[in-house]
Every structure is written in structure tokens, then in C-alpha cells.
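Q: I am new to this structure and would like a close look at a single part of it. Please take one buried spot, go through its surroundings step by step, and then work outward from there.

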Amino acid sequence: MPKPETKFWYELKRITSQIKWTRLENTSVFGTPDLLGYNDNQHFFTVELKVANGSKVRLSPHQISFHIRHPKNTFVLVKTKADCHLYSGDQVKELFENGLSVKPIVRGLRETCLYFENIGK
């Protein structure tokens, strides 16, 4: 049975036909995000997928470090039972400390997909 983040990946991939996705399954460089996206505006971006059961978002020190070192065009996409929340890389420390009480840059999976499609416009 697939893990919750794998199911989330399949759902995201299914509804984002305008994005070319590469799943990064990197075991040699800890903290590398789950996905590399490329949109029709010729912009690359990375996405860390998370599934949260409560208000906390589990991020490893390596994942936090990656986003601190790369604060632009990096994102954390969190799926909850009710919705999806997109955070930019420069929000990662606050997201780790305060969880889902941090205001996302976008809320909703379809809205997130539109945001990804418009990066670089």
C-alpha cells in the first residue's frame, strides 16, 4: 500500500498536466525536495510534499537547511484532511516552529497548481 505522501504525489501529478515533474528520490543528499517541477514559462522549482495529521508539519533538519539555503522557487506543500497549504522556502523555519498556524501563500490544491503554472510570468 502506498505511503500517504506517495498518494499525494499521484494526486498532484494527475491534476497538473501543465507541469513537467521529476520525482527526486535522492538518498545521497539528505534534504533534497521530493519533486522538481518545470512549467511552460521555462522555470524550475522544487516541492517538498508533506501529509499532516495535526497542526504540526514534520520537517527534518536537512529539509529545513535546504529551504533556508534555497529560499526562492522552493516550496513545501502540505496536505491535511481538509485542504492543501503551499508555503514558500523562506517560510520553512516558521512552518517548522509554528505548524499550520502560519499563513500559506496559497490554499487549495487547484489554486496551488495554478500558482505553479504561473511562476515566472
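A: L109 counts as buried, because its relative accessibility is 12% and the cut-off for buried is under 20%. The model is a predicted one. L109 belongs to helix 4, which covers residues 109-118. Leaving out residues up to four places away in sequence, L109 touches F8, E11, L12, I15, L77 and C84. One of these, L12, is 97 residues away from L109 in sequence, yet their C-alpha atoms are 7.7 Å apart in space.

Helix 1 is the next element to look at. Helix 1 runs over residues 4-15, and its buried residues are T6, F8, W9, L12 and I15. F8, L12 and I15 are also among the residues that L109 touches. The buried residues of helix 1 pack against helix 4 (109-118) and against five strands: strand 1 (20-23), strand 2 (35-38), strand 3 (44-51), strand 4 (74-79) and strand 5 (84-88). The length of helix 1 can be checked as well. With 12 residues at 1.5 Å a residue, helix 1 should span 16 Å, and its end C-alpha atoms are 17 Å apart, so the two values agree.

Helix 1 also takes part in the largest pocket. That pocket holds about 210 Å³ of space, and its lining consists of K3, P4, E5, T6, R23, E25, D34 and V51. Helix 1 supplies three residues, the largest share of this lining. By type, the lining has five charged residues, two nonpolar and one polar. T6, a lining residue, is also one of the buried residues of helix 1.

Back at L109, the contact with C84 leads to the cysteines. A disulfide is a covalent bond between the sulfur atoms of two cysteines. How many disulfides does a search of the whole structure find? The search finds zero. For C84, the closest cysteine sulfur is that of C113, 8.5 Å away, which is too far for a bond. A pair would have to lie within 2.5 Å to be called a disulfide. The same distance holds from the other side, as the sulfur closest to that of C113 is in C84, at 8.5 Å, again too far for a bond. Both residues are buried: C84 has a relative accessible area of 4%, and C113 has a relative accessibility of 3%.

P104 offers another buried position. P104 lies in the loop between helix 3 (92-98) and strand 6 (106-107), and it counts as buried because its relative accessibility is 10%. Apart from neighbours within four places in sequence, P104 is in contact with H85, L86 and Y87. P104 and V78 are 26 residues apart in sequence, with 9.6 Å between their C-alpha atoms.

Y87 is also touched by L95, a residue of helix 3. L95 counts as buried, since its relative accessibility is 0%. Besides Y87, L95 touches V57, L59, V76 and V102, again not counting residues up to four places away in sequence. The C-alpha atoms of L95 and R58 are separated by 9.3 Å, although the two residues are 37 apart along the chain.

The loop between strand 2 and strand 3 is the place of N41. N41 counts as partly exposed, because its relative accessibility is 22%. With residues up to four places away in sequence left out, N41 touches E117, N118, I119, G120 and K121. E117 and N118 fall within helix 4, residues 109-118, the helix where L109 is found. The C-alpha atoms of N41 and F116 are 10.0 Å apart, and 75 residues separate the two along the chain.

Q42 is found in that loop between strand 2 and strand 3 too. Q42 is not a glycine, but it has a positive phi of about 65°. Is Q42 buried or exposed? At 61% relative accessibility, Q42 counts as exposed. N73 also has a positive phi, of about 60°, without being a glycine. N73 sits in the loop between helix 2 (61-69) and strand 4, and at 33% relative accessibility it counts as partly exposed.

Note on methods: Residues numbered from 1 in each chain as written. Predicted model: local features only at pLDDT ≥ 70, side-chain atom pairs only at ≥ 80, totals over all residues. Heavy atoms only, no water. 1 Å grid on protein atoms, 1.4 Å probe; cavity = no way out; pocket = protein on both sides within 12 Å on 5 of 7 lines; lining within 4 Å. Points joined across faces, edges and corners; volume = space filled by probe spheres on them. Helix = DSSP H or I, 4+ residues; strand = E, 2+ residues; numbered from the N terminus. Nonpolar A, V, L, I, M, F, W, Y, C, P; charged D, E, K, R; others polar. Expected span 1.5 Å × (residues − 1). Buried < 20%, exposed > 50% of the residue type's maximum accessible area, 1.4 Å probe, protein only. Contact = heavy atoms within 4.5 Å.
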